[in-house]
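Dear colleague,

I am passing on the structure we spoke about, and below it you will find my notes on what turned up. Please read them with the model open beside you.

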Amino acid sequence: MERCVRCCCCLLVLLLVALGVTAVVVFLRHRNGGGPVVPGGIDRKYAEALAVALQFFQVQKSGKLVNNKIPWRGDSAEDDGQEAGLDLSKGMYDAGDHIKFGFPMAFTATMLSWSVLEYGGAMQAAKQRDAALDALRWIMDYLLNAHPSADVLYIQVGDPEADHKCWERPETMSEKRPLTKITAKSPGSDVAAETAAAMAAASLVYKPINGSYSSSLLEHAEQLFAFADRHRGAYTRTFPELSKYYNSTTYQDELLWASGWLYHATGNTSYLAYATGKNGEEFADLGNPRYFSWDDKRPGTQVLLSRASFFASQGSGLATDNGLESYKQTADAVMCILLPDSETAAFRTEGGLLYVAEWNSLQHPVASAFLAAVYSDYMLTSGKTDLSCGGQSFAPADLRNFAQSQADYVLGENPMKLSYLVGYGDSYPQRVHHRGASIPADVDTGCGGQEWLNTAEANPNVAMGALVGGPFKNDSFVDERENVMQNEATTYNSALVVGLLSSLLTTSSVAQSLSS
């Protein structure tokens, strides 16, 4: 009897401890607006790299800066939007130029939100979550102002043709900065839907932090999705002159991507039905694995909707939704092409980098590695720990190992022994294709500062956190300022690497609900 009482007491103590841990996890999750922190250490290397990566958003800020920590940056483009009676001064410059391209900027925001939602707790433990939220808010304020009415969205500030002829600091720009907008008669479903996705995802981030801001974001998201779906067309068909910059190959993938985010943000199953029904059958290219990027959201949508499948209750409608299962099966196939030992493995360089495209070669491996880390956590959290790739079987650890291998390559474990994240490590690119970084802060060049573009000297200012384009197929890299293919950084690259590094901060699993 005494032994029985002791056992009962022990069981009671264990139960109370378990409940206490659960309470801590839930509390942390709601307080931080992201995934829970499971007791454990933070990986110092990835935490340091994350701190560096997040600084690039400070480098790229437009408008009147607040608490500016980049000594060579100052206020710029404060009059953006005035010709339309709007304040479009915030937002971020796209890359080494000074255009605000709405399409990739919205994708940047979506990915920042996804990172915070899944790994906000780990980011908080690494003392980097506030920096991520600061960058996100700067973009979201701009996007909200860019949507002044239901069927109007300003998608660009500046003339890229004129801008690319100039080499100058943003603080001294004097050229006209015209506005480009989409309307019911001049549609752009891709950029409208991506902006809807960004607002829906961000509404989830701000839900436990700022309820009124979250509600505003969600209201705009639903309006924009309806606009994108009702007035269909690609923005580069409406404005063909923009196709040389960010040419959208289709708009249907953004519609599915946005519907997935709106489902998670609202719990409204009509958004899920939109993606899994006829639209999914026609547009999702289910069964054919692809690579995630600013232009192709299908792999991201497949992983995002797999979240609902992984955590569906037995016997629920979601558990028996064939359309949702098709998304998960395709997500499985995406994971299989990423795993180096899979029979369907995609090409890798000799140094181990997943290689998909020559221009901005790091985008696809970093984006894919983020998806692999997220999917690994979904598998672990749901208890579904077997990934079947043909006749082969893989575990969540295999996906995480792939993600880590790509992150390590970026951070210097490559044949060049070069960190492609500027400011991290002892060796990184010195001549990043970036106007502000290449011109001394006390120099006003006007439009004609090409001498700073053409010089072989290192940049006088360090574009901290810039993730440059990356190596060629033979793992080589040429650190020249005019080598735009390899040596230009973008804000969406930074959002992707922030997500990847955040996923590797700890081994803790993700929360089971984005909307709670």
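Among contacts in the protein chain between residues at least 6 apart in sequence, what percentage join residues at least 24 apart? The share is 75%. Please bear in mind throughout that this is a predicted model.

On confidence, the pLDDT of the protein chain averages 91, and 89% of the residues score at least 70. Residues 1-33 call for caution, since their pLDDT is below 50, although in the model this stretch has 21 contacts beyond near neighbours in sequence.

As to the overall make-up, the protein chain contains 20 helices and five strands, and of its 516 residues 59% count as buried. The area that the protein chain exposes comes to about 19800 Å², of which carbon and sulfur atoms supply 51%.

Turning to the pockets, the largest has a volume of about 550 Å³. It is lined by 23 residues, and those closest to its centre are Tyr 245, Tyr 246, Trp 359, Glu 488 and Tyr 492. Helices α15 (363-382) and α19 (484-487) each supply at least two residues of this lining, which divides by residue type into 10 nonpolar, seven polar and six charged.

The second largest pocket holds about 370 Å³ of space, and of the 17 residues that line it, Gln 58, Lys 61, Lys 69, Ala 131 and Asp 134 are the closest to its centre. Here α3 (55-60) and α5 (129-145) each contribute at least two lining residues, with α5 giving the largest share, namely six residues. The lining of the second largest pocket is made up of six nonpolar, four polar and seven charged residues.

One residue that I looked at individually is Thr 301, which is found in helix α13, spanning residues 298-310. Is Thr 301 buried or exposed? Thr 301 counts as buried because its relative accessible area is 2%, and the cut-off for that class is under 20%. If its neighbours within four places in sequence are left aside, Thr 301 is in contact with Asp 253, Leu 256, Trp 257 and Tyr 327.

With best wishes

Notes
Residues are numbered from 1 along each chain as its sequence is written. This is a predicted model: local features need pLDDT of at least 70, side-chain atom pairs count only at pLDDT 80 or more; totals for chains, interfaces and linings use all residues. Side-chain values use heavy atoms; hydrogens and water are left out. On a 1 Å grid over the protein atoms alone, a cavity is a set of points where a 1.4 Å probe fits but cannot get out, and a pocket is an open set with protein on both sides within 12 Å along at least five of seven lines; lining residues have an atom within 4 Å of a point. Grid points are joined across faces, edges and corners, and a volume is the space filled by probe spheres set on the points. Helices (H or I, at least four residues) and strands (E, at least two) are DSSP runs, numbered from the N terminus. Ala, Val, Leu, Ile, Met, Phe, Trp, Tyr, Cys and Pro count as nonpolar, Asp, Glu, Lys and Arg as charged, and the others, Gly among them, as polar. Buried means under 20% relative accessible area, exposed over 50%, partly exposed in between (1.4 Å probe, protein chains only). Contact means heavy atoms within 4.5 Å. Accessible areas come from the Shrake-Rupley method with a 1.4 Å probe; for residues, only the protein chains shown count as cover. pLDDT is the predictor's confidence in each residue, from 0 to 100.
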